[in-house]
Amino acid sequence: MTKIPPPAAPKPRRRALLALAIAAPSISLLGCGTSAVAQRAGLPDFADLAERVLPAVVNIAVQGETAGQVPAEFRGTPFERYFRGRRERTQGQGSGFVIDPTGFIVTNNHVVGTATRVTVALQDGTELPARVVGTDEPTDLALLRVEPRGVMIAVAWGSSNAMRVGQWVLAAGNPFGLGGSVTSGIVSARGREIGAGPFDDFLQTDAAINPGNSGGPVFNMAGEVIGISTAIYSPTGASAGIGFATPSDLARPVIEQLRRDGRVDRGWLGVSVQDMVPEEARPTRRAVVVTDVVRGGPSQRGGLRAGDIVVAVNGERTETARALVRYVAAITPGQPVRLLVQREGRTQEVTVLVGRRPPGPG
């Protein structure tokens with residue numbers, strides 16, 4: 001689970017967890033069951049929903065190797081050579097969900113990372129080796145494939161754009177490696193930008209999300225996946241009631257491309273851009289200024305220059321750098337794009353043949 005800022009995740013204290021497990025049933029011993037309490041309070045009962053969707057939620061265990069680090073006290077000493085080239089084993093865990101009954105599973109890119117071995121555990125305890133079909137770092141998504149022994153229970157995509165602030169959601173996953181569990185909450189905000197990259201467009205929820213929930217699904221009340229748990233904001237590493245999920249309307253086409261091609265191709269201009277605020281722009285409407293052009297990139301070949309002010313793309317007004325990047329990213333590499341720019345006080349049109357966006361988060 002990505003944390004903002006990224007503090008070290010605390011190790012759970014077993015005594016405290018046992019105390020919570022023992023104390024929890026006393027709530028329902030005071031007179032009536034939790035369902036009746038929820039109904040009297042006008043709150044939803046998530047029991048049927050959880051029972052329906054949990055079989056499609058999986059735990060993911062990964063193993064890999066990284067280059068060993070030279071301890072600070074041995075750097076610059078004759079002993080440094082003993083640490084060079086050393087490989088260290090790494091382990092991790094996260095969550096995912098079955099999106100196709102033939103064995104396709106969605107999770108986060110940062111869950112699988114550079115893993116050399118991925119194992120998927122189902123709710124009934126069955127463990128299956130998994131193959132990484134493809135990953136997409138900019139949206140932190142990954143698609144896995146397992147060979148099931150039968151037809152798997154899968155869940156369907158829902159529309160994240162249809163979700164409203166204040167609506168109920170159910171988050172499922174593998175917090176702290178404890179196994180499949182669910183938490184409930186509401187959509188706290190939409191369109192959150194957390195500095196992860198140009199494709200930031202997160203749903204914020206207050207459902208408890210903790211390390212190990214990464215890659216787990218967030219459901220609407222119809223049992224459809226409307227988000228994928230990606231990051232939390234926490235000063236301690238545990239849930240502080242601020243979790244972020246990649247919206248399904250962003251994730252779905254990415255997963256479809258990964259399934260079809262094993263990769264995601266995005267359009268790229270080869271420029272650095274930033275917003276130009278109304279006080280600086282002429283005319284006063286918002287626009288985008290080109291601050292740098294990649295040498296030999298698509299924009300330089302098309303005649304775009306540093307200092308150009310982009311006011312429209314293919315006839316559509318563009319007012320922010322983020323909007324421009326996303327618009328071009330959706331264009332198939334190799335296709336032309338028309339940019340209306342202002343240069344030295346004059347307006348002109350520049351046609352650029354869109355390139356393929358290089359790999360990386362930015």
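Q: A salt bridge is a side-chain nitrogen of Lys or Arg within 4 Å of a carboxyl oxygen of Asp or Glu. How many salt bridges does the structure hold?
A: First, some ground rules: this is a predicted model, where local features need pLDDT of at least 70 and side-chain atom pairs count only at pLDDT 80 or more, while totals for chains, interfaces and linings use all residues. Residues are numbered from 1 along each chain as its sequence is written, and side-chain values use heavy atoms, with hydrogens and water left out. With the salt-bridge cut-off above, the count for the structure is 10.

Q: How many helices and strands does the protein chain have?
A: Helices (H or I, at least four residues) and strands (E, at least two) are DSSP runs, numbered from the N terminus. By that reading, the secondary structure of the chain comes to 7 helices and 21 strands.

Q: What share of the 362 residues in the protein chain is buried?
A: Buried means under 20% relative accessible area, exposed means over 50%, and partly exposed is in between (1.4 Å probe, protein chains only). Put the 362 residues of the chain through that sorting, and the buried share is 42%.

Q: Which arginine on another strand or loop does aspartate 265 pair with at 3.2 Å?
A: Aspartate 265 sits in the loop between H5 and strand E14 (267–268), while its partner is in strand E21 (residues 355–356), so the pair ties together parts that are 91 residues apart in sequence. The aspartate is partly exposed, at 25% relative accessible area, and the partner is partly exposed too, at 46%. The closest N and O atoms are 3.2 Å apart, and the partner is arginine 356.

Q: Which residues are linked in a network of salt bridges?
A: Besides arginine 356, aspartate 265 forms a salt bridge with arginine 263, the closest N and O atoms being 3.3 Å apart. Arginine 263 is partly exposed, with a relative accessible area of 44%. Put together, the linked residues are Arg263, Asp265 and Arg356.

Q: Which arginine meets the side chain of glutamate 256 in a salt bridge?
A: Both partners sit in helix H5 (residues 248–261), and because they are 4 residues apart, about one helical turn separates them. Glutamate 256 is partly exposed at 43% relative accessibility, and its partner is partly exposed at 40%. The N to O distance is 3.5 Å, and the partner is arginine 252.

Q: How far apart in space are valine 98 and leucine 144, C-alpha to C-alpha?
A: Valine 98 has its place in strand E3 (residues 87–100) and is buried, with a relative accessible area of 1%. Counting contacts as heavy atoms within 4.5 Å, and leaving out residues up to four places away in sequence, valine 98 touches Ala56, Val58, Phe104, Ile105, Met152, Ile153, Ala154 and Val155. Valine 98 and leucine 144 are 46 residues apart in sequence, and their C-alpha to C-alpha distance is 9.3 Å.

Q: Which strand gives the largest share of the largest nonpolar core?
A: A nonpolar core is a set of buried Ala, Val, Leu, Ile, Met, Phe, Trp, Tyr and Cys residues joined through side-chain atoms within 4.5 Å. The largest one has 42 residues, and Ile60, Phe97, Val106, Val120, Leu144, Trp157 and Phe219 touch the most other members. Its largest share, 5 residues, comes from residues 141–146, which is strand E7.

Q: How many residues are in the other core that lies apart from the largest one?
A: In soluble globular proteins, nonpolar side chains tend to be buried together. This other core includes Leu269, Val337, Leu339 and Val352, and its residue count is 17.

Q: Which residues line the largest cavity?
A: A cavity is a set of points on a 1 Å grid over the protein atoms alone where a 1.4 Å probe fits but cannot get out, and lining residues have an atom within 4 Å of a point. Grid points are joined across faces, edges and corners, and a volume is the space filled by probe spheres set on the points. There is 1 cavity of 30 Å³ or more, and the largest holds about 30 Å³ of space. Its lining is Leu269, Val271, Val273, Val290, Leu304, Val310, Leu324 and Leu339.

Q: Where is glutamate 344, with its positive phi?
A: Glutamate 344 is not a glycine, yet its phi is about 55°. At 75% relative accessibility, glutamate 344 counts as exposed. Its place is the loop between strand E19 (336–343) and strand E20 (346–353).

Definitions and conventions
1 Å grid on protein atoms, 1.4 Å probe; cavity = no way out; pocket = protein on both sides within 12 Å on 5 of 7 lines; lining within 4 Å.
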